Amino acid sequence: MMTPDAPVLAIDDLVIEIDGNRIVDHVSLAVGSGRILAIVGESGCGKSLTALSVLGLLPKAAEIRQGAIRLNGRDLTGLDEAALSQVRGNEATIIFQEPVASLNPLMRVGEQVEEALILHRGLSGKAARAEAIAMMTRVGIPDAARRARQYPFELSGGMCQRIMIASALICRPALLIADEPTTALDVTIQAQILDLMRRLREEVGTAIVLITHDMGVVADLADDVCVMYGGRIVESGPVEPIFAAPRHPYTKLLLATIPTLQGQRKAILRTIEGMVPSAGAWPDGCRFRSRCPLADGACLEPPPLALVEAGAFSSHAAACWHSARIEALA
Amino acid sequence: MSAPLLQVRDLKVHFKLRQGVGARGGVVKAVDGVSFDVHAGRTLALVGESGCGKSTTAYAVIGLEQATGGTILFDGRDVTGLKGRDRAALAQEIQIVFQDPSAALDPKMSICDSIAEPLAIAGWSRNDRRRRVIELLDRVGLPAAFSERLPSALSGGQRQRVVIARALALSPRLLILDEPVSALDVSIRSQVLNLLLELQRELDLAYLFISHDLSVVRHIADEAMVLYLGTVAESGPIDAMFEAPRHPYTQALLSAIPLPDPVLQRRREKIILTGDLPSPLSPPPGCPFISRCPIRVDICATARPALKDARSGTQAACFVRTA
């Protein structure tokens, strides 16, 4: 029996390795029904691998070494391909950055939306088509019955992303993973898609894991945030304190490097020295140590993800020995 | 202010589509009557969504696209449609930096050879080239030891520095920056933006800056021009554009940027445009923005609005807002 507030997705102490390098290192996170969790980080931080592992979509070279991935209480890590394909597109779905590349170019978009209904729910073609058109209308595709007969190349990028969202949501999944869903789209179309995701989580109650590097998108949409660096979660918590009072130097500096609409124009922007080390070249101890202005001898020991003391939010946590003197970075 | 370094007047870049099996023919007006100035030491940003003509405009300036109408003056000299030797000479004055530094560098060429290539073409001696490369690496903040490396040994941010160094090799006066930080990691972007600002100050460079990231545009540019379907929707000084935009498209674009502040972002009013950009093959006959415009009136369907003073410091092409 599930308790009502049990998380839809719970990742517990996940370790993923590629060629002996720990790309995802002891990651734990949870998302509840109707909640949006953003995983933020730069390329190579492990955010996409974490997400792909949920659906059993890891590249061949990647292996789960440890940990559990529970969807509505059931561990997915031991499932075989047949069992996983019952989960994918049904209980849990994913949309990617490039909507046009994610769709089958030789298949009418309506067929791609209804496919999951026929596969997982055993609906007839006719019933599935009607539901597909209803879902397409719901995600904001005008004239959906006509559009359903078109091919992806006949649709704009924004329309293709709506098709992807419609096909991802058609089976009312408990979990939607959105991997950079608006990165390839123009801002006015991005605004439409973000608005759509916000409405759908309210109406459908799907739990959403949003993977992005865009702090603006996080601020717009997320309830909770995990900031990843070097395969580890360095900070997590509700969106407000992460932005208003970050307690990990990486989060704080990352926010400070972004030009804002209120900042001093042409002023020298805050920078983070150096670059993201490649996998396997991480320093021992805290992996941000090599770029962190606060680093000292203590950082040779890896810091645990610990709750921030005296915070207004009980679930705000940071993995930094010096999070109490983060103000020194101001 | 001194005379503009670059003056573009009524620029048109029209593409004829081939007629034949499966093709309807017709003309795509990728750029249709765009005018602007860029001054030494200053930055003009071209802003708009994909397909608005911002890259085509920039490519016409550097000769990567053929202007089908209008004039391009560089330093007072008409450079529209230059060919051969004259075009090559102009390349010493105008250089371009693209979005993806990995695609812009030959993977089998050392950093030194890549940066020295324009110098070699211009006839510099081996020793002079060598000296200049070291100087350029230093200028963009890379150690001299990098000169013998291959691009694969560098990070994305370092590669973009190399591309900028190569663009600076022959001391150009105008740099076209086509989404120069969009492909870089977030923590690296501010490093490269700082470098661009520093170079502009030190070398009095003029920048034609193309970006879809409006926060970056506001930070780096002095003026901005918003393009829509190959025409100018609004242009003006950056403060007026961001604080008092008058064209409904500029307003929608600005309100669509998600601000990295959850409290502010969730509280502010957003204008969410419906629909997509119309096909450039069949643009609306009147105002190009009419199909998505929340404030359209009758005249917008039949006449195209001209750029007019919007009394907010900007110029806007809108019947309603410049009435």
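According to an unreviewed UniProt entry, the annotation "domain: ABC transporter" covers residues 9-255 of chain A. The structure described here is a predicted model, and the points below take up the annotated span and the domains of chain A, then the contact of chain A with chain B, and finally two helix pairs. Across residues 9-255 of chain A, the end C-alpha atoms lie 28 Å apart, and the span is 41% helix and 27% strand.

**Domains of chain A**

- The domain assignment divides chain A into domain 1, which runs over 9-222, and domain 2, which runs over 246-329.
- Between the C-alpha centres of domain 1 of chain A and domain 2 of chain A there is a distance of 30 Å, and the contact of these two domains takes seven residues from domain 1 and six residues from domain 2.
- On the side of domain 1 of chain A that touches domain 2 of chain A, three residues are nonpolar, three are polar and one is charged.

**Contact between chain A and chain B**

- Chain A gives 39 residues to the contact between the chains, and chain B gives 37 residues.
- On the side of chain B that touches chain A, at least two residues each are supplied by the chain B helices α7 (186-203), α8 (214-220), α9 (238-243), α10 (248-256) and α11 (262-267).
- With nine residues, α7(B) provides the largest share of the side of chain B that touches chain A.
- Sorted by class, the side of chain B that touches chain A holds 19 nonpolar, 11 polar and seven charged residues.

**Helix α8 of chain A against α10 of chain B**

- Helix α8 of chain A, residues 187-204, and α10(B) have axes that come within 8 Å of each other and cross at roughly 55°, which makes α8(A) oblique to α10(B).
- The crossing of α8(A) and α10(B) is left-handed.
- From α8(A), the residues A:V187, A:T188, A:Q190 and A:A191 meet B:A252, B:L253 and B:A256 of α10(B); the residues of this contact comprise five nonpolar, two polar and no charged.

**Helices α6 and α7 within chain B**

- Helix α6 of chain B, residues 156-168, packs with α7(B) at an angle of about 20°, and the axes of the two helices are 10 Å apart.
- Because angles under 35 degrees count as roughly parallel, α6(B) and α7(B) are roughly parallel to each other, and their crossing is right-handed.
- The contact is made on the α6(B) side by B:G156, B:G157, B:Q160, B:R161 and B:I164, and on the α7(B) side by B:I188, B:Q191, B:V192 and B:L195.
- The residues of the contact of α6(B) with α7(B) comprise four nonpolar, four polar and one charged.

Conventions: Residues are numbered from 1 along each chain as its sequence is written. Chains are lettered from A and ligands numbered from 1 in the order in which they are written. This is a predicted model: local features need pLDDT of at least 70, side-chain atom pairs count only at pLDDT 80 or more; totals for chains, interfaces and linings use all residues. Helices (H or I, at least four residues) and strands (E, at least two) are DSSP runs, numbered from the N terminus. Ala, Val, Leu, Ile, Met, Phe, Trp, Tyr, Cys and Pro count as nonpolar, Asp, Glu, Lys and Arg as charged, and the others, Gly among them, as polar. Axes are lines fitted to C-alpha atoms, for helices over the stretch in contact, and angles run from 0 to 180 degrees between N-to-C directions. Angles under 35 degrees count as roughly parallel, over 145 as roughly antiparallel, 65 to 115 as roughly perpendicular and the rest as oblique. A crossing is left-handed if the near helix is turned anticlockwise from the far one by less than a right angle, and right-handed if clockwise. UniProt positions are given in the numbering used here, feature names are shortened, and annotations may be inferred rather than shown by experiment. Domain bounds come from an automatic or database domain assignment.
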